[in-house]
Structure formats: structure tokens, C-alpha cells
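Here are my notes on this model, written for a colleague who likes to see the details residue by residue. Have the viewer open as you read.

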Amino acid sequence: MAVMQISVLLGNVPGTLSRLTNILDKDDITAKALLAASAAESSTVRMVVNDPQRAAAILESFGFNYEISPVLAAEVPLHPGGMNAILNPLAKAEVNVLYLYTTINRIGRETIVILGVDNIEAAREILRQNWIHLIEDEIYAL
């Protein structure tokens, strides 16, 4: 099963990210991973949270522009070249990595990366074939 990510479109003005996280915090929605990237007048916040469906309902009630999409969560092997153990097989299989960010917490010693890819099923299979440990529902309990 894929990890579900929420992407929120925000105005690129001071305080909008804080407003978003405060609204979610008040309902015990916690970010497990977060990426905020801005363009000229807007920014996109990508989040993996502890309860994506409830977070979506809250965002809906506050009028946020958001979408939920599947992503992969993978442990980066803890050795030199660990990131390439993930990226190289995907590149070789011509799976495009659209974005990558890390979680706030870990399960063990390894860093967990969130991967947005253009072909999630192919990426999942390729990573498993290359001994990459994928994190699924346990990410919500980090």
C-alpha cells in the first residue's frame, strides 16, 4: 500500500504555512514529513501526516486547495552511496523522481525518504527487487 501525501497550495506570503500547521495541530494532525517549495506567487506544501483522511476533511472545512496522492516511503541504506541505492535503479528503469524529501522522525537508524515518482507501481517493484525497505502504514505512527 502506498503512503498518502497531502499537497496544499498556499499563497506565498508570510504566515500561511504557520496558519496551515496551526489548524492541523489543533486537531492532533501531525506532520511526519513536510516539504514547502515556493514559486512567484504561490507555494506548494507536501505533507505526510498521521491521519491523511481526517486532515483532508479539516483542510476542506477551511477552504484550502489540496489534493491527496500516493507516494513511496523508503529507508535510505546507511552506507556511502545509500541514496544512489534508491536513485540509480529508478533511473535505469526510466522511472522519473519528481520530488524527494525526508521524514521528521525515523523508525530505526536509517533516514526515510518520501518519493514522488511518475510510475509508483514500477518504482515499488524496482526498489523491492533492489532490497530497499519500503515503509507503509507504520509511517503514520512515527
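Which strands and helix are included in what covers the buried residues of helix 2? The cover includes strand 1 (3-11), helix 1, strand 3 (42-49) and strand 4. Please keep in mind throughout that this is a predicted model.

1. **Helix 2.** Let me begin with the helix just asked about. Helix 2 spans residues 52-61, and its buried residues are Pro52, Ala55, Ala56, Ile58 and Leu59. Looking down the axis of helix 2, these buried residues fall within an arc of 165°, so they line one face of the helix. The face turned away from that buried side carries Gln53, Glu60 and Ser61, which are exposed. Just after helix 2 comes Gly63, with a positive phi of about 80°.

2. **Helix 1.** The neighbour named above deserves its own look. In helix 1, Leu20, Ile23 and Leu24 are the buried residues. Seen down the axis of helix 1, they fall within an arc of 95°, so they line one face of the helix. Their cover includes strand 1, strand 3 and helix 2. Helix 1 and helix 2 thus each appear in the other's list: helix 1 is part of what covers the buried residues of helix 2, and helix 2 is part of what covers those of helix 1.

3. **Asp28.** One backbone angle to check follows helix 1. Asp28 comes just after that helix, in the loop that runs between helix 1 (16-26) and strand 2 (31-38). Its phi is positive, about 55°, although Asp28 is not a glycine. Is Asp28 buried or exposed? With a relative accessible area of 57%, Asp28 is exposed, because the cut-off for that class is over 50%.

4. **Helix 3.** Here the buried residues are Gly82, Ile86, Pro89 and Leu90, within a helix that covers residues 82-92. They take up an arc of only 100° around the axis, which puts them on the same side of helix 3. Ala91 and Lys92, on the other side of helix 3, are exposed. The buried residues of helix 3 have a cover that includes strand 4 (65-75), strand 5 (97-102), strand 6 (112-117) and helix 4 (120-129). Strand 4 is worth selecting in the viewer, as it is listed in the cover of helix 3 and also in that of helix 2.

5. **Glu94.** A second positive phi outside glycine comes with this residue: the angle of Glu94 is near 60°. Glu94 follows just after helix 3 and sits in the loop between helix 3 and strand 5. With a relative accessible area of 72%, Glu94 is exposed.

6. **Val95.** This residue is also found in the loop between helix 3 and strand 5. Whereas Glu94 is exposed, Val95 counts as buried, at 8% relative accessibility, because buried means under 20%. What does Val95 touch, leaving aside residues up to four places away in sequence? Its contacts are Leu90, Val117, Asp118, Asn119, Ala122, Ala123 and Ile126. Leu90 is itself one of the buried residues of helix 3. As for Ala123, it is 28 residues from Val95 in sequence, while the C-alpha atoms of the two are 6.6 Å apart.

7. **The overall fold.** Stepping back, the protein chain has four helices and seven strands. Along the sequence they follow the pattern β-α-β-β-α-β-α-β-β-α-β. Among contacts with a separation of 6 or more, 69% join residues 24 or more positions apart.

8. **Size and burial.** For 142 residues, a compact globule would have a radius of gyration near 14 Å, and the protein chain has 16 Å, which agrees. Its C-alpha atoms fill a box of roughly 40 × 30 × 25 Å along the principal axes. Of the 142 residues, 40% count as buried.

9. **Surface and charge.** The accessible surface of the protein chain is about 7,600 Å², and 51% of it belongs to carbon and sulfur atoms. The protein chain carries 10 positive and 16 negative charges, and the mean positions of the two sets are 5 Å apart.

Conventions: Residues are numbered from 1 along each chain as its sequence is written. This is a predicted model: local features need pLDDT of at least 70, side-chain atom pairs count only at pLDDT 80 or more; totals for chains, interfaces and linings use all residues. Side-chain values use heavy atoms; hydrogens and water are left out. Buried means under 20% relative accessible area, exposed over 50%, partly exposed in between (1.4 Å probe, protein chains only). Helices (H or I, at least four residues) and strands (E, at least two) are DSSP runs, numbered from the N terminus. The arc is that of the directions from the helix axis to the C-beta atoms. Contact means heavy atoms within 4.5 Å. The radius of gyration is taken over C-alpha atoms; the globule rule is 2.2 Å times the number of residues to the power 0.38. Accessible areas come from the Shrake-Rupley method with a 1.4 Å probe; for residues, only the protein chains shown count as cover. Lys and Arg count as positive and Asp and Glu as negative; His and the chain ends are not counted. The place of a charge is taken as NZ of Lys, CZ of Arg, CG of Asp or CD of Glu.
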